[in-house]
Amino acid sequence: MKSIPLQSRLPRTLRIAQVRKETDMVTTFMLPISLGSLPGQFLMLWLPGRDEIPMSIALDDGENLQVTFFAVGDMTQALAKLKAGDLVGIRGPFGTSYAWEKKQHLALVAGGYGAAPMFFAASKAAQDGCTLDVIIGARSREHLLYQQSFASLPRTTVHIATDDGSEGHKGYNVTVLAELLSSGVKFDQIFACGPERMLVAVSDLAAKEGTKCLLSLERYMKCGYGLCGNCTVDPLGIRLCTEGPVVEGSLARQIAEFGKYHRDELGRKHPF
Ligand SMILES: Cc1cc2nc3c(=O)[nH]c(=O)nc-3n(C[C@H](O)[C@H](O)[C@H](O)COP(=O)(O)OP(=O)(O)OC[C@H]3O[C@@H](n4cnc5c(N)ncnc54)[C@H](O)[C@@H]3O)c2cc1C
Ligand code: FES
């Protein structure tokens, strides 16, 4: 395990530079800091007096950092009420990242807020001359995230899948990936971030094709750097805050709970 510098483990408070409403439920914060983060890494976002939660880094361009979140519960709904100039705390960056070689052909499969970290990976891979097929999935067209941002990248084809067919393919983004693969497109790697059952389907396809895939797995996280053991997974006992969140598909497939269940803050199992 790579040692995490003290500076990353301690919270820093800073004022939100900009708030962008992506959809009714989804907000992006621009923070005036660079953590030197890599695509796939996460930070712990702290709202004093409320909670601290893990959040994927949606962009770190050397000057500013972005996070994009769904307002699903107490903490994220409180965050969604914040305005530019309000204070938040951050710790990080933590965890493993997506990696590629120059000029590779990559498929990026994004579900829900997974589009945010996938955009960070896409923007960096595009700078390295990679060719990208990005497949974004959402319930309906109003819930699609980062569509224009992906479309602005060079050598990038954006494919859309919506559950209700309001844009692109009607159905799952993984079906679009399966169609690309069966039409003979060869990818050097497949990256995916989104709901865990989507990740299982991506890893099944990648294993069948013999293509390397990197998946972002989420578990309940408290410390973020390997101390508390909250994010360990059965039966390997690896901590997903340090050995993940980005793991190879072959490793994910050894995790008995992959796509089946996760544990809450008290260690109780919850099925997906
Ligand atoms: C590595 C990682 C990256 C993430 N990136 C994003 C992101 O970019 N955008 C985004 O919207 N969400 C992200 N999440 C999920 C986000 O942390 C939870 O949705 C959030 O914590 C919900 O908090 P809440 O209090 O609003 O909701 P709650 O109602 O308290 O929780 C809703 C669900 O969120 C999960 N959750 C709550 N607290 C935690 C925690 N400390 N660790 C992990 N899961 C938790 C639980 O499964 C819970 O059932 C990420 C989670 C992880 C582990
Ligand atoms: S969150 Fe504490 S060990 Fe992973």
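Two strands pair if DSSP finds at least two bridges between them. Strands β6 and β7 are joined by two bridges and run antiparallel. In this predicted model, that pair is a good place to start. Leu59 has Gln66 in β7 as its bridge partner.

The pair belongs to a wider sheet. Four strands make up this open sheet, in the order β2-β3-β7-β6, with antiparallel pairing. Its edge strands are β2 (18-21) and β6 (59-60), and each of them pairs on one side only.

Another open sheet also has four strands. Here the order is β1-β8-β4-β5, and the pairing is antiparallel. Strands β1 (12-15) and β5 stand at the edges with a single partner strand each, so one side of each is left without a neighbour in the sheet. On average, neighbouring strands of this sheet are turned by 35° against each other, direction ignored. In general, strands of a sheet pair through backbone hydrogen bonds, either parallel or antiparallel.

Look now at one edge of that sheet. Four bridges join β1 to β8, and the two strands run antiparallel. Arg12 stands opposite Ile90 in β8. Strand β8 also holds Pro93. The peptide bond that leads from Gly92 to Pro93 is cis, with omega near 5°.

Next, step back to the domains. The domain assignment gives domain 1 (6-94) and domain 2 (105-271). Their centres, taken over C-alpha atoms, are 21 Å apart. Each side brings residues to the contact: 19 from domain 1 and 19 from domain 2. On the side of domain 1 that touches domain 2, the elements giving two or more residues are β4 (42-47), β5 (51-56), β7 (65-70) and β8 (87-94). By class, that side has eleven nonpolar, five polar and three charged residues.

Where does ligand 1 lie with respect to domain 1 and domain 2? Both domains give residues to the shell around ligand 1, so the ligand lies between them. The shell counts 22 residues, and the closest are Ile53, Phe69, Gly73, Met75 and Thr76. Elements β5, β7 and α2 (74-80) each give two or more residues to this shell. The largest share, five residues, comes from β5. By class, the shell has 14 nonpolar, four polar and four charged residues.

Two helices come next. Helix α5 (residues 173-182) packs with helix α6 (residues 196-209) at an angle of about 10°. Their axes are 10 Å apart. Angles under 35 degrees count as roughly parallel, and α5 and α6 are therefore roughly parallel to each other. Which residues meet in this packing of α5 and α6? From α5 come Val174, Leu177, Ala178 and Leu181. From α6 come Met198, Ala201, Val202, Leu205 and Glu209. The residues of this contact divide into eight nonpolar, no polar and one charged.

Some backbone details remain. A cis peptide bond runs from Asp234 to Pro235, with omega near -10°. Pro235 is in the loop between β14 (212-216) and β15 (246-248). Lys103 sits in the loop between β8 and β9 (105-111). Lys103 is not a glycine, yet its phi is positive, about 65°.

How values were computed. Residues numbered from 1 in each chain as written. Chains lettered and ligands numbered in written order. Predicted model: local features only at pLDDT ≥ 70, side-chain atom pairs only at ≥ 80, totals over all residues. Domains from an automatic or database assignment. Contact = placed C-beta atoms within 7 Å. Nonpolar A, V, L, I, M, F, W, Y, C, P; charged D, E, K, R; others polar. Near = placed C-beta within 6 Å. Axes fitted to C-alpha atoms, helices over the stretch in contact; angles between N-to-C directions. Parallel < 35°, antiparallel > 145°, perpendicular 65-115°, else oblique.
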